[in-house]
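This report describes the packing and the empty spaces of one protein model. It takes the cores, then the pocket and cavities, then two single residues.

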Amino acid sequence: LRYILYYWPGIQGRGEFVRLALEEAGAEYVDIVYEPEEKGGGEQAIMAFLEGEDVARPPFAPPFLKAGRQVIGQTANILLFLGARHGLAPRDAAGRLWVNQLQLTIADLVAEAHDTHHPVGSSLYYEDQKKEAKRKAKDFRANRIPKFLGYFERVIERNGARTPWMVGTKLTYADLSMAQVIAGLRYAFPATTRNALRSRPRLRRLHDAVFARPRIARYVKSGRRIAFNNDGIFRHYPELGD
Ligand SMILES: N[C@@H](CCC(=O)N[C@@H](CS)C(=O)NCC(=O)O)C(=O)O
């Protein structure tokens with residue numbers, strides 16, 4: 001089975017949460033935006049779904065995933081689907097809901113990280129909302145990063161397993177996403193994140209364990225993982241604080 005991932009070019013963005021799950025699963029997939037246009041690739045392929053008249057269940061925004069005839073949007077929803085199919089989630093319904101809950105909380109954190117550079121509007125330039133961005137980032141660094149990371153540290157602790165993971169004894173897609181968020185926060189706000197992680201050894205261990213997974217390590221080494229940059233969700237602007 002071959003998946004098609006629809007996501008914007010040049011950034012990890014929310015697409016990366018899906019990529020990490022696909023990579024860990026060893027699934028076959030194409031990142032359609034990097035395929036030549038004459039082969040149906042490029043941004044046109046994305047736009048065809050967003051704006052096409054004949055799409056029965058149109059997604060609102062990337063990322064979305066094509067699996068056979070199904071088109072699935074919303075990062076957490078895509079992961080719910082992949083988790084069940086590839087053993088990246090518990091088998092029981094309660095366990096699946098719990099992992100989904102964690103993923104939705106990660107999505108909240110990701111949205112707040114995005115809003116540190118776009119607090120007024122996603123359709124406006126960063127340069128036109130710098131003042132508000134400074135206030136937003138200050139609060140995010142002082143209050144939100146510690147609150148979110150404190151929460152996830154507790155989740156690992158309460159799980160009580162001898163493994164590094166948040167749920168049970170096996171890795172789930174929420175662990176992959178958590179590691180990705182830690183990597184992103186370290187890029188955007190290195191000092192704040194270093195400080196917040198000092199007292200959160202379980203999260204540091206989770207991050208390291210995810211990036212040491214053979215398939216994830218191979219993916220990172222392959223050069224296919226786009227580097228963090230200031231077009232993505234996690235951006236490093238010195239004026240927004242360290
Ligand atoms: N809640 C959605 C958010 C999707 C989203 O914001 N996608 C961005 C790219 S990362 C986008 O293209 N947004 C267009 C828009 O919001 O108009 C998810 O988690 O997938």
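The model is predicted.

**Nonpolar cores**

In soluble globular proteins, nonpolar side chains tend to be buried together. The largest nonpolar core of this model holds 65 residues, and those touching the most other members are Tyr3, Leu65, Leu82, Phe152, Met166, Met178 and Val181. Helix H6 (residues 173-188) supplies the largest share of this core, 10 residues. Another core, of 8 residues, lies apart from it and has Val33, Ala45, Phe49 and Phe64 among its members.

Met166 can serve as an example from the largest core. Neighbours within four places in sequence aside, Met166 is in contact with Trp98, Leu102, Ile106, Phe152, Val155, Ile156, Asn159, Ala174, Asp175, Met178 and Leu206. Two of these partners, Phe152 and Met178, are also listed with Met166 among the core residues that touch the most other members.

**Pocket and cavities**

Rolling a probe the size of a water molecule over the atoms shows where empty space is left. In this model the search gives 2 cavities of 30 Å³ or more, and the largest pocket has a volume of about 850 Å³. The table sets out these spaces with the classes of their lining residues.

| Space | Volume | Nonpolar lining residues | Polar lining residues | Charged lining residues |
|---|---|---|---|---|
| Largest pocket | about 850 Å³ | 16 nonpolar | 10 polar | 4 charged |
| Largest cavity | about 80 Å³ | 6 nonpolar | 5 polar | no charged |
| Second largest cavity | about 30 Å³ | 6 nonpolar | 2 polar | 1 charged |

The lining of the largest pocket is made of 30 residues, and Tyr7, Trp8, Arg14, Pro62 and Ile233 lie nearest its centre. Helix H3 (75-85) and H4 are the elements that give two or more residues to this lining. The most comes from H4, with 6 residues.

The largest cavity is lined by Ile11, Gln12, Gly13, Phe17, Gln180, Ala227, Phe228, Asn229, Gly232, Ile233 and Phe234. Around the second largest cavity stand Ala113, Thr116, His117, Phe140, Ala188, Phe189, Ile233, Phe234 and Arg235. Ile233 and Phe234 thus appear in the linings of both cavities, and Ile233 is also one of the residues nearest the centre of the largest pocket.

**Two buried polar residues**

Gln129 sits in the loop between helix H4 (93-115) and helix H5 (130-159). Gln129 counts as buried because its relative accessibility is 0%, under the 20% cut-off. Its side chain reaches the backbone oxygen of Tyr125 at 3.3 Å. Residues up to four places away in sequence not counted, Gln129 touches His117, His118, Pro119, Val120, Gly121 and Leu124. One of these, His117, also belongs to the lining of the second largest cavity.

Thr193 is part of helix H7 (residues 190-198). With a relative accessibility of 1%, Thr193 is buried too. A polar atom of the Thr193 side chain lies 3.0 Å from the backbone oxygen of Leu185. Leu185 is also among the residues that Thr193 touches, together with Ile145, Ile182 and Arg186, if residues up to four places away in sequence are left out.

Both residues, then, are buried. In each, the side chain has a backbone oxygen as a partner: that of Tyr125 for Gln129, and that of Leu185 for Thr193.

Terms used
Residues are numbered from 1 along each chain as its sequence is written. This is a predicted model: local features need pLDDT of at least 70, side-chain atom pairs count only at pLDDT 80 or more; totals for chains, interfaces and linings use all residues. Side-chain values use heavy atoms; hydrogens and water are left out. Helices (H or I, at least four residues) and strands (E, at least two) are DSSP runs, numbered from the N terminus. Buried means under 20% relative accessible area, exposed over 50%, partly exposed in between (1.4 Å probe, protein chains only). A polar contact is a pair of N or O atoms within 3.5 Å; within protein, one must be able to donate a hydrogen and the other to accept it, and residues adjacent in sequence count only if both atoms are side-chain atoms. Contact means heavy atoms within 4.5 Å. On a 1 Å grid over the protein atoms alone, a cavity is a set of points where a 1.4 Å probe fits but cannot get out, and a pocket is an open set with protein on both sides within 12 Å along at least five of seven lines; lining residues have an atom within 4 Å of a point. Grid points are joined across faces, edges and corners, and a volume is the space filled by probe spheres set on the points. Ala, Val, Leu, Ile, Met, Phe, Trp, Tyr, Cys and Pro count as nonpolar, Asp, Glu, Lys and Arg as charged, and the others, Gly among them, as polar. A nonpolar core is a set of buried Ala, Val, Leu, Ile, Met, Phe, Trp, Tyr and Cys residues joined through side-chain atoms within 4.5 Å.
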